[in-house]
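Hi there,

Here is the structure I promised to pass on. Have a look at it first, and my notes on what turned up follow below.

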Amino acid sequence: MGDVTDLKNKGNAALQKNNIKEAISLYSQAIGIDSKNHVLYSNRSAAYAKQKKYVEALEDAEKVIQLKPEWPKGYSRKGSALEFLNRFEEAKLAYEEGLKYDSDNEQLKQGIKQCNQHLTGPAGSQPINPFSNLDELKRKLKLHPKTSKYFEDQSYEQMLQELNEQPTLLASKLNDPRLQNTLSVLIGVDLDMSGANGDEPMESEEAPPAPKSETPPPSKEKPSHEQESLEEKGLGNAAYKKKDFESALAHYDKASKLDPTNMAFLTNKAAVYFEQNELEKCREVCHKAIEVGREHRAGYALIAKAFARIGNSYMREKNYASAKQFFDKSLAEQRTKDVLAKAQQCEKAMAEAERLAYINPELSLEEKKKGNDFYNAGKYPEALKCYNEAIKRNPDNATLYSNRAACYMKLLEFRLALKDCDECVQKDPNFIKGHIRKGGALEAMKEFSRAVDAYQKALEVDPNNSEATDGCRRCLHVSLHFALSPIWRQFCKSQ
């Protein structure tokens, strides 16, 4: 343990000197020795954030919460990392969760205020930022003939970076023709209303000269194969609603053959497989849909929908880790409350599964024996650590809470001892030692009336228990002494 403390202190010193890589290395070495130390993950999370590795900072913050869910600092770290990732709704939820454990924490309150400044969408939601996924956005813009030339000017990439970090700047930059064309490419709508800004037209082919006839040009109609594909899609949707899945699949397949560039037909087909519980087929079609969408520059919402459907398929199989991975990918494309809620549901399910997988009564018994040996040797902090581990390994064993309460009593942590005693007698109301230790904790806190109640509960279990009888007598004696003291002093003055 001394090595861990030494490494942690060296890491803190390195972080203060802004030697971030060294600090991360030292914290990682300490974690290698003591992987259950929540403070080490918290410190490394702060170091990762300084290094602008916000995903790693978030992972460490979540580990802190997993190891010590009642420690508000973990939620502060998580909220901060999520803020840096521009995930303000999730950040606010993290800060609010932390306030449940420390309602007066100013850092958490300030975090919520900062998030609210960004949650300006409907019902306090986070506005959609078309510049959120910067890497994918640049890839798309470099491939498009209308925007590829802008990358020759470094100021263009700088503008994209600024909008990624501060989407509120969008309104102030709308006069820049480059931004107008960028948004046109991203959302598929031509925003150029001036007609005289010198930019290239959207179409790659030259437009034919306008006819001199006064007859207005005919309106553009979709090519016949596209129109037919949409009709087939409509027939597929109607069959899907009637749960005629085989007909729906046939119509969606025909639509895809008529227009292989439209990924929506594939995501609809995946929805049919999902309803049929053909989950592997559902995922295969979704992956194909994403490839088609990427190739033909589909909107972010369609890509997000395909990722979310893959996540739903894994969630149905209770494969929460894979589901969370694809829900996160969906959120990176487009943030929706439904997918966000499912991602958080997966996080909770994964944490619960990890907790249950950790349970092992045999290992718990070993830790209990170690704790008893340390306790008998007067090494109470070491005993406490063993009892903590024993409880994690077997949280339903009432005896373990009683033993840890005895340890807390020796360390003069009477309120924590009382809390463990309450947990003990709740799990096993007939465990007499739990009632006796509860009485002892209350007696140490000078709450003699409540202590008497605890000792009497013990006597209900075993009327002949001498410890409970002596405890009752002691508390009643002290209570009587305090009650008679004013009368005795008055009697002495009158003599």
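In this predicted model, the buried residues of helix α12 are Phe 245, Ala 248, Leu 249, Tyr 252, Ala 255 and Ser 256. They sit on the same side of α12, because they cover an arc of only 125° around its axis. On the other side of α12, Glu 246 and Lys 257 are exposed. The helix itself runs over residues 245–258 and reaches 20 Å from its first C-alpha to its last, close to the 20 Å expected.

Now to the charged pairs: the count of salt bridges comes to 30. Here are a few you may like to find on screen.

Within helix α1, Lys 10 and Asp 6 form a salt bridge at 3.4 Å, N to O. These two are four residues apart, so about one helical turn separates them. Lys 10 is partly exposed at 45% relative accessibility, and Asp 6 is partly exposed too, at 38%.

Glu 347 forms a salt bridge with Lys 78, again with 3.4 Å between the closest N and O atoms. This pair links distant parts of the chain, helix α17 and helix α5, 269 residues apart. Lys 78 counts as buried because its relative accessibility is 15%, under the 20% cut-off. Both residues also belong to a network of salt bridges with Lys 324 and Asp 328.

Finally, Glu 317 meets Arg 283 at 3.3 Å. Glu 317 lies in the loop between α15 and α16 and Arg 283 in helix α14, so the salt bridge ties together parts 34 residues apart in sequence. Arg 283 is buried, at 5%, while Glu 317 is partly exposed, at 40%.

Best wishes

Conventions. Residues are numbered from 1 along each chain as its sequence is written. This is a predicted model: local features need pLDDT of at least 70, side-chain atom pairs count only at pLDDT 80 or more; totals for chains, interfaces and linings use all residues. Side-chain values use heavy atoms; hydrogens and water are left out. The expected span of a helix is 1.5 Å times one less than its number of residues. Buried means under 20% relative accessible area, exposed over 50%, partly exposed in between (1.4 Å probe, protein chains only). The arc is that of the directions from the helix axis to the C-beta atoms. A salt bridge is a side-chain nitrogen of Lys or Arg within 4 Å of a carboxyl oxygen of Asp or Glu.
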